[in-house]
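Student: I've got a model open on my screen and I'd like to talk through how its pieces fit together. Can we take it a question at a time?

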Amino acid sequence: MQDIQALVNELVYKLRKRKMEGSDTSAQLTVELLRSVISQQKMSENQAASLIEAVREIGVKLIAANPVELAVGNIVRRVLHIIREEELSLMAKAVQGMGVDDEHNNGVKDNDHVAKILTRSPSLHSLLDSAKTSSNSKGKADKIANLKLKNNVLEAVNYLIEDIKICHEQIAEQALELIHQNEVVLTFGRSRTVKNFLLAATKKNRSFQVFVAEGAPKYQGHVLAKELAAKEIQTTLIADSAVFAMISRVNMVIVGVHAVMANGGVIGPVGLNMVALAAKRHAVPFVVVAGSHKLCPLYPNNPEVLLNEMRSPSELLDFGEFSDCMDHGIGNGAPLLHVANPAFDYVPPELVSLFITDMGGHNPSFIHQLISEHYSADDFNLQQHTAS
Amino acid sequence: MDGRRVSRAVPRVRQVGFFTPNAPPQQPGPTRSQSGPPNSNSPPLSDSPASNSLSPVMIPPPRHLSDNLGARTAAVPVPGRANAGEHATVGSYNPTESVLGLESPPASRIGDGEFSEGTESSLGWYRRSNSAKFASSFPGGGFDLSPVRQPETVAAKQAKNQPPGEANKSGTPGAAASSKPVKQPSQRKDGPPVASSVAASERTVADRSAEKERKKDAPPPRMQFDDESRVGKAKRRSVLNQSEARNRVELFRHLPPHKNGTQLPHLESKFFELHEMHPAVYKVGLQYLMGDLSGGNARCIAMLQAFQEAIRDYCTPPEKTLIRDLTSKISSFVSFLIECRPLSISMGNAIRFLKNRIAKLPLVLSESEAKAALCSDIDRFINEKIVVADKVIVGHAATKIRDGDVLLTYGSSCVVEMILLYAHELGKQFHVVVVDSRPMLEGQKLLRRLVEKGLTCTYTHINAISYIMHEVTRVFLGASSILSNGTVYSRVGTASVAMVAHAFSVPVLICCEAYKFHERVQLDSICFNELGDPDAIGKVPGRADINYLDNLTEKQKENLEFLNLKYDATPSDYISVIVTDYGMIPPTSVPVIVREYRKEYLLI
């Protein structure tokens, strides 16, 4: 377990020191770490439960290192969900297998019933039932089941890794349906997903124009503008303050975000809410492209404060130039000059027209459905110790 | 005096429209009593530099022997004029200053002494330079501006459109003889000023034509830069090198490209060639070009004071009438200023006012009396329309500030700054949020001045307004102009701030003097705007890690454009109230003020 600990500590360190930029990298590193954790997990009685516990423990540490990096929590919960799902499907097969072996009429009925209960989506009734049935079915075929579970889980986790890697391509495949000839697109800051999306749209010789808002204070828009221009897309770089002025001549706003919350709201780079409001005012569709690893099962509560990070004032004001202002103080010594430099912005779901994920295009109201497919309700609050 | 009247009795067909600079001069006017230096001793200048002083957009006025005048005025500015302290604060401007060596404290030579002192000190507000780099010793001034190529082109085009008709009308002798000077210059402006002729019952002919003027008066379209032939002609006539900016954004082809400071050495060398340019006007033009002077009020005051100088130094050339000649001189000054930087609406209104005053000069005045009258009119305009108006606005707006307020402001507006400082002096406890944006970063100067005076301030950039707006109780914004449909034309980014404030139900108060209102209407920020320096977008000063756009390949340069807009139009539904010197009005009342009260200032 030593190297696992070391790996975990390393990742925690990177997260805490904010050495990782972007949800993609965080997601990938997290999932790879969890894969190692799972593969090195010792066999035990209740394999699923021990796996879940191990992953949960590590997940809590990772999330605590950087609570604002929601992709980490998403991946942890995805893996937990995978484990639970695999456990459930194995149990269902095992139960059905048992029924075939016994060849009792009663048994068949019972076992069918049990299988149904196991595979039903969680409800109060089914939870109480399954507590009883699980104790029945656990007796048999322990070791084989455990091994199978681990393998299945690892396989599923590998699929997850693959998904994260190719999410850009899957999203970009939908570009041709959205962007037509002579379209004028506005984007904000820089997102790799958006870049791939726009580049995919240039196939079939569709020429369109892109306005890139620079996205202070990181100015990533400059990088995106350069990349797009290199691929011969007509690009214009504008300052963030000019977004309202230009948006009346724009057909579509396409942005990438940091995270998508369960209500359909998004956490994005600071300034995104301003762009979304302007788009709403001018009835311009506001399209969010996001990989499914960015879907977060949490509902945002006071996101401007709780899901936000403040960056250094030196990005806005030069310390040297303003050093004399820092000296001023009122009677009680409190400084007169404060600087606010938030990193993220929350956009409510009413302002978003469309989500494009690697699973297709959706309305903001559909996001909760997607979340129920990928996450289990037990995992939403990782802090508690779950019974199973 | 008599000479002038004599000249009027002979109906003069005034040449308007394009004609070659070598056109024969007008029929000789009478000689006026000269109080200045002797006339017609300096050699007539060659025509080409003179013609070059005209702006590309302006149809040149008839060329009189006013060239001689130019030579005289150039010789006049002189030793004995102390360099006023304020002008030394102009940032990068010292080399030219030593060359020009002028700038007398402007209002000091006018008769009304204490009046001028008052204006001097209060004018200190507006007369702040705007050197971008060092914020500490040079507090920047400023309002927002809007560029308008105003009455000159408008009027010139109108004049061009109705050449013979109007000329004939103006030839009506008799009672209308004295109205002729009114007629001629009024053709060169938009209609409403002519309405003032209602006062004189004898000027009925002028009335009727004025009515017609007003009806045609939807402000005529300005020079559109996508018109190839006119741009070509304009290029040939301009002073500054009209370098074809590469990669101009298609959508903004109708706007003039930005003229940046690299023109400066070229202009400096041209100074000695531009004989009819008054040095004060030249200096102001260069300040605009360099961006040292920015802000609607500051620019307007500087321009008016430069005109005061020019008027003081003006001598009517022989065989010319003061009114017409001075008007054409002012027009040529204005076209030079337009070349340096497009006019703001405040400047346009001020020019209209000045021309109207010139036109209304009673004929009985001698030249020196006329000049003194004009100078005092200019002082009164500055005092009443700007200085006192600001005091009234500050008084009104300060009543809207309560203890515990969090006030947000954007960029750097001098009226808003005055309001905040005044409220602070009154002892109100409030917190200020200064929002700033690239590339101009004007908020930093405001921030510095407020912190020095002891206000607690928070500084953010425009992207963070959604974050900070939760805590804000009021938003105070300045404006370059307010248009007749209630749209606020102001620094780019104002619209975004107002929109977010509206979304969070925070009241937005616009503080703007009434002289900046205009009868134009505008729906979006594209049809009319000013383009700034595109390189300012690509480079982020002070952040070495950010310069991603330094090495661009050819392919990238071909496809990548930079757009630096200076203004935007804020829709009226985001505005709660407009605080003006006429009181606190809703945005819907702006056309009322434009229409009803616009006559008032012309009747001064």
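Student: Which residue in E9(A) stands opposite Pro269(A)?

Tutor: This is a predicted model, where local features need pLDDT of at least 70, side-chain atom pairs count only at pLDDT 80 or more, and totals for chains, interfaces and linings use all residues. Residues are numbered from 1 along each chain as its sequence is written, chains are lettered from A and ligands numbered from 1 in the order in which they are written, and side-chain values use heavy atoms, with hydrogens and water left out. Strands here are DSSP runs of E, at least two residues, and helices are runs of H or I, at least four, numbered from the N terminus; two strands pair if DSSP finds at least two bridges between them. E6(A) and E9 (residues 344-347) of chain A run antiparallel with four bridges, and the residue opposite Pro269(A) is Phe344(A).

Student: Which residue in the turn between E5(A) and E6(A) has a positive phi?

Tutor: E5 (residues 259-260) and E6 (residues 266-269) of chain A run antiparallel, joined by two bridges. They make a hairpin with five residues between them, and the one with phi of about 95 degrees is Gly264(A).

Student: Which side chain meets Arg192(A) in a salt bridge?

Tutor: Chain A is split, by an automatic or database domain assignment, into domain 1 (2-166) and domain 2 (173-308 + 343-374). A salt bridge needs a side-chain nitrogen of Lys or Arg within 4 Å of a carboxyl oxygen of Asp or Glu, and the rule finds one across this interface. At 3.6 Å, N to O, the partner of Arg192(A) is Asp24(A).
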